[in-house]
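Please open the structure in the viewer and display the side chains as sticks. The tour below proceeds from one selection to the next.

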Amino acid sequence: MLRALILTFAVVLGLGGCAAPQPSGQLGADGAPLPKVYRIRPVDADKLQFRMLDSVNALRQASGIVPVQLNAQLNAAAATHSRDMSIQNRPWHFGSDGSSPIDRVRRVGYSGTMLGEVISETYETELETLAAWMEDPGTRAVILERRAVNMGFSWFQEQNGKIWWTLVMGGAPGTLTVE
């Protein structure tokens, strides 16, 4: 009797180890765990900008292109547009006042050439967003623009965790039109 009880106990333990692990947290409609919200803390803002700069420059270097530098004026233009996209609740290149990327770069006093802007509305990290941008030929071309010497990068995060990303590339002083 004792032998049968021990054998039954061993079988139950063995089968219990075969059960699929239960995911922790909430599940989505597809049964997969829901992603955690990526929260950007104010103390991490500088680190985040430099992490993006380093990643962009690594991609540029791998493509044989000169690195870019962060530019405070372009950062300001990017921050303004990220907040404005949130207010409009749509990712697009025009401001709520009808401004274009060229207008925003002019407003912050950037004396270089505005070469391009990439935007995104997501819950993903900055590096996941950069990876998505690199998969699209249009946004990839902006990031790898050979004439770029400056970069502006900023975001706005809503209370629900949604992040509005904006990256602006600028060239040397000259005309402010996209060539």
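Select Arg-107 to begin: in this predicted model, Arg-107 has a relative accessible area of 55% and is exposed. Now add Asp-97 to the selection. The two residues form a salt bridge, and their closest N and O atoms are 2.9 Å apart. Arg-107 belongs to helix α4, residues 101-107, whereas Asp-97 sits in the loop between α3 (72-88) and α4, so this pair ties together parts that are 10 residues apart in sequence.

Next, remain in helix α4 and select Arg-104 together with Glu-117. Here the closest N and O atoms of the salt bridge are 2.9 Å apart. Because Arg-104 lies in helix α4 and Glu-117 in strand β2 (residues 112-122), the contact ties together parts that are 13 residues apart in sequence. Are Arg-104 and Glu-117 buried or exposed? Both residues are buried.

The following stop is a group of three residues. Select Arg-41, Asp-44 and Lys-47, which are linked in a network of salt bridges. Within this network, focus on Asp-44 and Lys-47: the closest N and O atoms of their salt bridge are 3.7 Å apart. Asp-44 counts as buried because its relative accessibility is 16%, under the 20% cut-off. Lys-47, by contrast, counts as exposed because its relative accessibility is 52%, over the 50% cut-off.

Finally, return to a view of the entire model. How many salt bridges does a search of the whole structure find? The search finds 8, among them the pairs Arg-107 with Asp-97, Arg-104 with Glu-117, and Asp-44 with Lys-47.

Definitions and conventions:
Residues numbered from 1 in each chain as written. Predicted model: local features only at pLDDT ≥ 70, side-chain atom pairs only at ≥ 80, totals over all residues. Heavy atoms only, no water. Salt bridge = Lys/Arg side-chain N within 4 Å of Asp/Glu carboxyl O. Buried < 20%, exposed > 50% of the residue type's maximum accessible area, 1.4 Å probe, protein only. Helix = DSSP H or I, 4+ residues; strand = E, 2+ residues; numbered from the N terminus.
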